[in-house]
Amino acid sequence: MTKQPIHGLTNARLVERARELLPHGHGVARRIHRQVMMEGRFEPEGFGLGPKASEAWRSEFSFDLPEVVTVQSDEGEHGATSKMVLRLQDGLEAEAVCIPMGRGRYTLCVSSQVGCKMGCAFCETGRMGLLRHLSTDEIIAQLLVARHRFGWAIRNIVFMGMGEALDNAKNVIQALRVLNDEAGLAIGQERLTICTVGHLEGIRLLRQEGLKRLNLSISLNAANDPLRSELMPINRRTDLAELQQVLMEYKPRRNFALGVNYCLLPGINDTAADARAVAEFCMPLGRVLVNLIPYNPGSSPLTRAPDEAEVERFIGWLRAEGLPVRQRVTKGRSVMAACGQLGNPSVREERRARRAVRV
């Protein structure tokens, strides 16, 4: 019998399921949910339940966190950027990164998939291909491991780890509900960010969900179709005009500002004409903030990392076009924890080899 992971449910949903499934002991469901989320424990015996009621809880519900394979850290100005490699129950691995934001606060970059099928040329995860989606509880488990095993004071959650979040929209949207649940983790929508390469159906689903204070960012990286199609295969299916139209329609609140992520690739997308094209793409979108990300070479570099002068020059061109720009400070590059560096491409080959042996 498949047990339901408690950390994949909101508090109210656990109450409903406990009433449906348990003959006795369902009255402590709210407290058990809080224990799991806030303390990282599942101990129904601690709420005055008898052996039969406690066993009923354990037979219908579960709380298991993944094994921590490694934690690698890269010291920086505001503290250590730490990458966790977590082994899931089927043996596959997901990665999450704890990023210091100063004043003892941290952002957790979580994964939504093992691998990714989007195949972006500059991304380590894309070289893995898609192995599978993460379930809602596996997404939430990354936060619970960070908090309860390492004591990291996570303030913000960004879906910018392994995978295209909106390619796994069902589980990601449920994870947003669990994260935002006032009776549970109670993380405000304004502290949650979804990043997408431009998954139109997923963006529309987010809009229907009505999360008015949720942050959304788009991975742009080129604002002309030939170059973006070369760097990001999704553009061959959904061109810039289609993406622009959907983003124009995505207006959850009056003061919403869309994040536009741009990975600066020297010799590829770093000219004044590229900056002008970004401005033209952003013009009809309302408020935007361009996040300029210096390229982080992975195991098979597309180009070199830009130097500071090149970054500043491109920022100057963007600002001259009237765009607000923020440079993303590179953190975790030495331990392959920086943007575009998550994932182990050899995992896919290992799985192929094991399947071939079985056949």
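In the predicted model, strand β9 (residues 154-159) and strand β10 (residues 192-196) run parallel and are joined by three bridges. Within this pairing, I157 has L192 of β10 as its bridge partner. Strands of a sheet pair through backbone hydrogen bonds, in either a parallel or an antiparallel manner.

The β9 and β10 strands belong to an open sheet of 10 strands, in which the order is β3-β4-β5-β6-β9-β10-β11-β12-β13-β14 and the pairing is mixed. The edges of this sheet are formed by β3 (67-76) and β14 (325-327), each of which pairs on one side only. From one strand to the next, the twist averages 25°.

Two residues in loops that adjoin strands of this sheet merit description for their backbone conformation. A186, which lies in the loop between α5 (169-180) and β10, has a positive phi of about 55° although this residue is not a glycine. With a relative accessible area of 40%, A186 is classed as partly exposed, because this value falls between the 20% limit for buried residues and the 50% limit for exposed ones.

A positive phi is likewise found for N221, also a residue other than glycine, where the angle is near 70°. N221 is located in the loop between β11 (215-219) and α7 (225-231). The relative accessibility of N221 is 2%, and this residue therefore counts as buried, the criterion being a value under 20%. Thus A186 is partly exposed, whereas N221 is buried.

Conventions. Residues are numbered from 1 along each chain as its sequence is written. This is a predicted model: local features need pLDDT of at least 70, side-chain atom pairs count only at pLDDT 80 or more; totals for chains, interfaces and linings use all residues. Side-chain values use heavy atoms; hydrogens and water are left out. Two strands pair if DSSP finds at least two bridges between them. Helices (H or I, at least four residues) and strands (E, at least two) are DSSP runs, numbered from the N terminus. Axes are lines fitted to C-alpha atoms, for helices over the stretch in contact, and angles run from 0 to 180 degrees between N-to-C directions. Buried means under 20% relative accessible area, exposed over 50%, partly exposed in between (1.4 Å probe, protein chains only).
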